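Grab your viewer and work through these two exercises. Each comes with a solution in steps.

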Amino acid sequence: MASNPCSACKVLKSVCTGECVFAPYFPSTEPEKFDRVHRIFGAENVYKILSNETFSPLQLEYAVKALSYEAEARIQDLVTGCVEQIVSAKNEIVATMGSDKVPEYNDIPMPDDFLTTQNQQMGDNHRADEASTSATPPASSGGTNDTQQTP
């Protein structure tokens, strides 16, 4: 691979070896793909995701596609990124198929191990915080802007 380094190694000016975690996802034929992701998220953060051994190759492929898509959206609009595109897509679905066909964020199925993974990452500090704030009502999990009240 040394004769044809991946686009990440070209941008980072490093030697591309056979064990390069970037090579399968950022081929030399798509140099702009890594450049966008690197500018928005940073090479170190992308490296951490790609070198995480708990993810399957398919999950890593989806992650790279999502990072690339979000990076492109952030370059075009730094404030909202792909949020406006999502709202536009939802509006188009409502117009063509009806409002009952648009999934709400809450309706999207969550992987079975998602909460377990999150709790393991938070550790005992989260449980201690939870116990100390048990007198306050729990926050709503309905979506964005749940805490805003209308007059």
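**Exercise 1.** Which residues form one aromatic cluster? Find them and describe the ring pairs.

Before starting: this is a predicted model, with local features needing pLDDT of at least 70 and side-chain atom pairs pLDDT 80 or more, while totals for chains, interfaces and linings use all residues. Numbering runs from 1 along each chain as its sequence is written, and side-chain values use heavy atoms, leaving out hydrogens and water.

*Solution.*
- Step 1: Set the criteria. Rings of Phe, Tyr and Trp (its six-membered ring) pair if their centres lie within 6.5 Å; planes under 30 degrees apart are stacked, over 60 edge-to-face, the rest tilted.
- Step 2: Search the whole structure, and 4 aromatic pairs turn up.
- Step 3: Take F22 and Y47, a tilted pair at 6.2 Å centre to centre with 50° between the planes. F22 sits in the loop between α1 and α2 and Y47 in helix α3, 25 residues apart, so this pair links distant parts of the chain.
- Step 4: Now F26 and F34: with centres 5.1 Å apart and planes at 75°, the pair is edge-to-face.
- Step 5: Put them together: F22, F26, F34 and Y47 make up the cluster.

**Exercise 2.** Which residues of helix α2 are buried?

*Solution.*
- Step 1: Buried means under 20% relative accessible area, exposed over 50%, partly exposed in between (1.4 Å probe, protein chains only).
- Step 2: In α2 (residues 31–41), K33, F34, R36 and V37 qualify.
- Step 3: Looking down the axis of α2, these residues fall within an arc of 160°, so they line one face of the helix.
- Step 4: F34 itself has a relative accessible area of 0%.

Definitions and conventions: Helices (H or I, at least four residues) and strands (E, at least two) are DSSP runs, numbered from the N terminus. The arc is that of the directions from the helix axis to the C-beta atoms.
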